[in-house]
Amino acid sequence: MKDNSTLFSKFLNGNLIVQIFIGIVLGVIVALISKELAMSISILGTLFVGALKAIAPILVFVLVATSIATKQIGVETNIKPIITLYLFGTFLAALTAVIFSFIFPVKLVLLEAVSSDLIPPDSVIDVLKDVLFKMVDNPVNALVTGNFIGILVWAIAIGIAMHYSSTETKNLFHDVSTGITKIVAFIIRLAPFGIFGLVAGTFAQTGIDALLSYSKLLGVLVGTMLFIAFVTNPIIVFLKTKKNPFPLIFTCIKESAITAFFTRSSAANIPVNMNLCKKLGLHEDTYSVSIPLGATTNMAGAAVTITVLTLATVNTLGIEVDIATALLLSVISALAACGASGVAGGSLLLIPLACSLFGISNDIAMQVVAIGFIIGVIQDSLETALNSSTDVIFTAACDLK
């Protein structure tokens with residue numbers, strides 16, 4: 001009994017990143033040895049992602065409401081500059097994707113159309129309408145469905161309403177917030193087992209062969225996202241902080257991007273990012289709002305996906321693109337990306353919206369969506385890793401003292 005207790009204690013106090021890396025290696029090994037065993041183990045990953053998704057809406061609601069209800073008058077939260085960086089970074093990502101697509105043009109082999117039950121939005125107006133309706137969603141429904149825009153709105157409203165409540169009530173908010181945070185910390189400690197299951201299941205299902213035929217397309221997508229992660233974002237952080245950006249960049253990649261890569265959900269990675277912001281010493285009043293907001297509006301990776309796949313379709317059909325249209329595509333891709341859902345594959349259904357700028361039919365655009373789902377094991381994983389880690393990077397750039 002004592003040995004088991006010591007082993008568990010060593011696990012809890014061990015280096016989480018090292019444990020996750022071990023989980024990744026073991027997951028690949030199991031998938032190579034036995035696909036059946038790997039698929040059985042994948043339940044660990046499903047449970048881990050499910051736990052994160054379950055606690056994330058409650059965590060966001062409680063933290064945002066608590067931070068506003070208990071906020072001291074005159075305390076600066078730095079939310080405005082963070083939102084500015086979110087929007088600017090997403091647009092810059094789309095523009096970078098345009099440049100990479102021009103330098104490395106890609107043509108597609110179009111497939112059969114995907115299932116007709118996937119309905120993309122018809123226009124940017126539809127995307128904005130969807131956002132507005134999400135803002136006034138029933139608060140209980142918002143929590144149940146993981147509608148983080150609605151959760152944010154109601155949490156802010158309740159926080160403002162309770163700002164002038166008694167000290168005892170504010171203490172209750174604080175105690176509930178502390179309790180939820182402890183639950184989140186426990187779930188995050190289970191990440192090595194969850195990542196182990198996710199990796200095993202992913203490699204068992206897809207392998208490598210299915211991705212080789214789309215190597216050039218993947219090369220442009222991956223290259224663009226890595227350029228943004230290691231060139232564009234560091235430049236933005238340096239201009240904002242006037243300090244060496246790479247310690248922050250590498251910390252966020254190590255502790256946020258890795259888990260986001262395998263969970264493939266910005267929403268599921270919210271608790272991880274909250275925990276990282278706390279470790280970085282950021283103000284809770286700031287990151288409790290900026291992190292969930294970033295999960296729905298800071299979508300550099302999604303902007304890259306929408307832009308690259310759209311321009312690949314344009315190249316395939318032989319459509320000429322001038323500079324003005326390319327800039328307009330960057331704006332539309334950035335706006336569309338902000339409307340992408342925080343779940344796996346959320347950006348793909350917005351490709352038809354961008355394709356409509358060039359008069360490309362919905363049938364052809366949906367074939368491109370099908371290709372997106374095929375390469376999604378890498379594309380969507382890297383997209384989510386970039387989206388989620390950038391939330392912390394921009395928050396820290398504006399708030400880190």
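pLDDT is the predictor's confidence in each residue, on a scale from 0 to 100. The structure discussed here is a predicted model, and pLDDT stays under 50 over residues 112-118, a segment for which the model nevertheless has nine contacts beyond four places in sequence. Where pLDDT is low, the predicted coordinates should not be read in detail. Over the chain as a whole the mean pLDDT is 80, with 84% of the residues reaching 70 or more.

**Confidence by element**

- Among the elements of the chain, the lowest mean pLDDT, 56, belongs to helix α10 (residues 209-212), while helix α11 (residues 215-241) has the highest, at 92.

**Overall make-up**

- The chain contains 19 helices and zero strands, and buried residues make up 50% of its 401 residues.
- Of the contacts in the chain with a separation of 6 or more, 84% are accounted for by residues 24 or more positions apart.
- The accessible surface of the chain comes to about 18300 Å², and 69% of this area belongs to carbon and sulfur atoms.

**Nonpolar cores**

- The largest nonpolar core has 53 residues, and those with the most contacts inside it are V60, V64, I195, M274, I291 and I393.
- Helix α3 (residues 35-69) gives the largest share of this core, contributing 11 residues.
- A second, separate core of 46 residues includes A302, A303, M366 and I371.
- M274, one of the residues with the most contacts inside the largest core, is in contact with L59, V60, L63, Y287, S288, I291 and P292 when its neighbours within four places in sequence are left aside.

**Two buried polar residues**

- T310 lies in helix α15 (residues 300-317), and its relative accessible area is 0%, which is why T310 counts as buried.
- Not counting residues up to four places away in sequence, T310 touches L329, I351, A354, C355 and F358.
- N387 is found in helix α19 (residues 376-399), and N387 is buried because its relative accessible area is 3%, which falls under the 20% limit for that class.
- With residues up to four places away in sequence again left out, N387 touches S266, N298, M299, A300, G301 and A302.
- One of these partners, M299, is 88 residues from N387 in sequence, yet the two C-alpha atoms are 5.2 Å apart in space.

**Nonpolar surface**

- A nonpolar patch on the surface is formed by L226, F227, F230, V231, I235, F238, L239, F246 and F250, which together have about 780 Å² of accessible area.
- The elements that give two or more residues to this patch are α11 and α12 (246-263), and the largest share, seven residues, comes from α11.
- In soluble globular proteins, nonpolar side chains tend to be buried together.
- F250, which has its place in helix α12, counts as partly exposed because its relative accessibility is 46%, a value between the 20% and 50% limits.
- F133 is in helix α5 (residues 124-135) and counts as exposed because its relative accessibility is 60%.
- F133 and G150 are 17 residues apart in sequence, and the distance between them in space is 8.5 Å from C-alpha to C-alpha.

**Salt bridge**

- The structure holds one salt bridge, formed by K279 with E255, and the closest N and O atoms of this pair are 2.7 Å apart.
- This pair links distant parts of the chain, since K279 is in helix α13 (residues 270-279) and E255 is in helix α12, with their positions 24 residues apart in sequence.
- K279 counts as exposed because its relative accessibility is 55%, which is over the 50% limit.

**Backbone at K242**

- K242 is in the loop between α11 and α12, and its phi is near 60 degrees, a positive value in a residue other than glycine.
- Most residues other than glycine have a negative phi.
- K242 is exposed, because its relative accessible area is 61%.

Note on methods. Residues numbered from 1 in each chain as written. Heavy atoms only, no water. Core = buried A, V, L, I, M, F, W, Y, C linked by side-chain atoms within 4.5 Å. Buried < 20%, exposed > 50% of the residue type's maximum accessible area, 1.4 Å probe, protein only. Helix = DSSP H or I, 4+ residues; strand = E, 2+ residues; numbered from the N terminus. Contact = heavy atoms within 4.5 Å. Patch = residues over 30% accessible without salt bridge, like charges linked within 9 Å, V, L, I, M, F, W, Y side chains within 5 Å. Areas by Shrake-Rupley, 256 points an atom, 1.4 Å probe, with all protein chains shown as cover. Salt bridge = Lys/Arg side-chain N within 4 Å of Asp/Glu carboxyl O.
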